[in-house]
Amino acid sequence: MIELIQAGGWLMAPILLCSIIAMAIVIERFVRLRKKRINPPGALQAVFRQYKTGNLSPEYIETLQIGKPLERVFAAGLSNRNQSRGVMKESIEEVGRQVIHELERYLGILATIAAITPLLGLLGTVIGMIDVFTVIVDAGIGNPGILAGGISKALITTATGLSVAIPSILFHRVLVARVDELALGMEDEAVKLIDILHRSNA
């Protein structure tokens, strides 16, 4: 492995750095985007119980505002429970956009890594091929072994770049799908809360 890195040249360093960053992002996002951390089960029922018993104190709403993402969305609706349905929905959507933005954190970096690592690999191959042609100019083509070795070294960076880019694309799409699923779940729960509050105020 060390020999391959050395053979690939200096462009192997940014490619390997990208691989480390991508791996860290994937692990961090999979840990953060667990359903229990975002849409805890029973959250709507807990809020409804507080609402029915008249225990929606400002302190309770403040606790929700610093809680899990779904609870923050609920807090926006509860803060405007005496307003019209449109105002409640607008306040929930505003907080929802902020929450989804946080769920998508680092996914842009992961997509960028997936896009640039093949280009870095290609650049390394082009530089390597330039070196091969320099050897041809200096020594001719009498020794195919030298040329084959130079070409294989030139292709190492492309192979490494693709090896980083392919899983990065895969995990990016998986994580985007997970964010979409969690967002839909929050939206469904928020609509239920709006319906409960609106019927109670009717």
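## Overall architecture

Among contacts between residues at least 6 apart in sequence, 78% join residues at least 24 apart. The model described here is predicted. The chain contains nine helices and zero strands, and its order along the sequence reads α-α-α-α-α-α-α-α-α.

The chain has 202 residues, of which 34% count as buried. The exposed surface of the chain amounts to about 12,000 Å², with carbon and sulfur atoms supplying 63% of that area.

## A covered helix

Helix α6 spans residues 69–79 and is mostly covered. Nine of its eleven residues are buried. The buried residues of this helix include Pro69, Leu70, Val73, Phe74 and Leu78. Arg72 is also one of the buried residues of α6, as are Ala75, Ala76 and Gly77.

## Salt bridges in helix α2

The structure holds six salt bridges. Two of them involve Glu28: one joins Glu28 to Arg29, and another joins Glu28 to Arg32. In the pair formed with Arg29, the closest N and O atoms are 2.6 Å apart. In the pair formed with Arg32, the N to O distance is 3.5 Å. Glu28, Arg29 and Arg32 are thereby linked in a network of salt bridges.

Arg32 and Glu28 are four residues apart in helix α2 (residues 12–32), and therefore they are separated by about one helical turn. An α-helix has 3.6 residues a turn, so residues three or four places apart point the same way. The members of this network can also be described by their accessibility. Arg29 has a relative accessible area of 4%, which is under 20%, so Arg29 counts as buried. Glu28 is partly exposed at 24%, and Arg32 is partly exposed at 41%.

## Helix α9: a salt bridge and a distant partner

Helix α9 covers residues 144–201. Within this helix, the side chains of Lys192 and Glu189 meet in a salt bridge, with an N to O distance of 3.5 Å. Lys192 and Glu189 lie three residues apart, about one turn of the helix. The two partners are described by separate accessibility values: Lys192 is partly exposed, at 38% relative accessibility, whereas Glu189 is buried, with a relative accessible area of 18%.

His198 is also located in helix α9. Which residues does His198 touch, not counting those up to four places away in sequence? The residues touched by His198 are Arg85 and Met88. The C-alpha atoms of His198 and Arg81 are separated by 7.8 Å, although these residues are 117 apart along the chain. With a relative accessible area of 34%, His198 is partly exposed.

## Two patches on the surface

A patch of positive charge on the surface gathers Arg34, Lys36, Arg37 and Lys68. Of these residues, Arg37 lies in helix α3, which covers residues 35–38. Arg37 has a relative accessible area of 32% and is partly exposed. A residue must have over 30% relative accessible area to belong to a patch, so the value of 32% allows Arg37 to meet this part of the requirement.

A nonpolar surface patch of about 350 Å² is made by Leu17, Ile21, Tyr106 and Ile109. Ile21 is found in helix α2, the helix that also holds Arg32 and Glu28. Ile21 is partly exposed, with a relative accessible area of 36%. Tyr106 is likewise partly exposed, at 38%. Both values are over 30%, so Ile21 and Tyr106 each satisfy the accessibility cut-off for a patch.

## An unusual backbone angle at Tyr106

Where is the place of Tyr106? Tyr106 is in the loop between α7 (85–103) and α8 (107–139). Most residues other than glycine have a negative phi. Tyr106 is not a glycine, yet its phi is positive, about 75°. Tyr106 therefore combines a positive phi with a partly exposed position and a place in the nonpolar surface patch.

Key: Residues are numbered from 1 along each chain as its sequence is written. This is a predicted model: local features need pLDDT of at least 70, side-chain atom pairs count only at pLDDT 80 or more; totals for chains, interfaces and linings use all residues. Side-chain values use heavy atoms; hydrogens and water are left out. Helices (H or I, at least four residues) and strands (E, at least two) are DSSP runs, numbered from the N terminus. Buried means under 20% relative accessible area, exposed over 50%, partly exposed in between (1.4 Å probe, protein chains only). Contact means heavy atoms within 4.5 Å. Accessible areas come from the Shrake-Rupley method with a 1.4 Å probe; for residues, only the protein chains shown count as cover. Patches are made of residues with over 30% relative accessible area and no salt bridge: like charges are joined within 9 Å, nonpolar side chains (Val, Leu, Ile, Met, Phe, Trp, Tyr) within 5 Å. A salt bridge is a side-chain nitrogen of Lys or Arg within 4 Å of a carboxyl oxygen of Asp or Glu. Lys and Arg count as positive and Asp and Glu as negative; His and the chain ends are not counted. The place of a charge is taken as NZ of Lys, CZ of Arg, CG of Asp or CD of Glu.
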